[in-house]
Amino acid sequence: MKNKIANLALWAVVTAALVWFDQFTKSLAVAKLMGQPPFVLLEGVFELCYSENRGAAFGILQGRQGFFFVIAAIVLAAAVWVMWRMPSLGNAHFHGLRLCVILITAGAAGNMIDRIGAGYVVDFFYFKLINFPVFNVADICVTTATALLLLLILFFYSEQDLECFAFPRKSSDKRKDAGQ
């Protein structure tokens, strides 16, 4: 039980710190970039510019705030469940997965706060060189975690490693498998 509480505590503290950093950078973007021309860091390559995203990634699903709230709530609930089921903090084999859950949760929560408070997400990082959509710290968290999670599942974790996250099987399912 102590290990489960420690997992949840670590998740909550680090997620809260990342959400705070996301919200802090967004507040700086609002204060310093809103209504201003882009702040060029590398000419023709990278700049900071204020943008309001009322949709999802790349501006899709504009105006569907309720949908995004439900998705974020599901992500948060799933994160709590995964962290509860995760092996103890002393098991370094799961640190990568732990990091993924923290980053995804922080990203979802950071953007959910914007959607609830303002009805849109503040974005401000812009790679002009490739005309990449404007993004924020929460987006970096989710994108990094998703890429890392994909790599971990494909190349690092075995099926047996992830059995701790399987839903309990019904006794009738167990009998069917035993007969095969």
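Which residue in S2 is the bridge partner of phenylalanine 39? I looked this up at the start and found leucine 48 in that place. I note here that the model is a predicted one.

**Entry: the strands around this bridge.** I next examined how S1 and strand S2, residues 46-53, are joined. Their pairing is antiparallel and runs over three bridges. I then traced the whole sheet, which is open and consists of three strands in the order S1-S2-S3, with antiparallel pairing. I recorded strand S1 (39-42) and strand S3 (121-127) as the edge strands, since each of them pairs on one side only. For the twist from one strand to the next, I noted an average of 35°.

**Entry: the chain as a whole.** I counted the elements and obtained five helices along with three strands. Reading from the N terminus, I wrote down their succession as α-β-β-α-α-β-α-α.

**Entry: contacts along the sequence.** I looked up the contacts between residues at least 6 apart in sequence, and 69% of these join residues at least 24 apart.

**Entry: burial and surface.** The chain has 180 residues, and I found that 32% of them count as buried. For the exposed area of the chain I entered about 10,900 Å². I also asked which atoms supply 70% of this area; the entry reads carbon and sulfur.

**Entry: review.** I returned to the opening point and confirmed that phenylalanine 39 has leucine 48 as its bridge partner in S2.

Definitions and conventions
Residues are numbered from 1 along each chain as its sequence is written. This is a predicted model: local features need pLDDT of at least 70, side-chain atom pairs count only at pLDDT 80 or more; totals for chains, interfaces and linings use all residues. Side-chain values use heavy atoms; hydrogens and water are left out. Helices (H or I, at least four residues) and strands (E, at least two) are DSSP runs, numbered from the N terminus. Buried means under 20% relative accessible area, exposed over 50%, partly exposed in between (1.4 Å probe, protein chains only). Contact means heavy atoms within 4.5 Å. Accessible areas come from the Shrake-Rupley method with a 1.4 Å probe; for residues, only the protein chains shown count as cover. Two strands pair if DSSP finds at least two bridges between them. Axes are lines fitted to C-alpha atoms, for helices over the stretch in contact, and angles run from 0 to 180 degrees between N-to-C directions.
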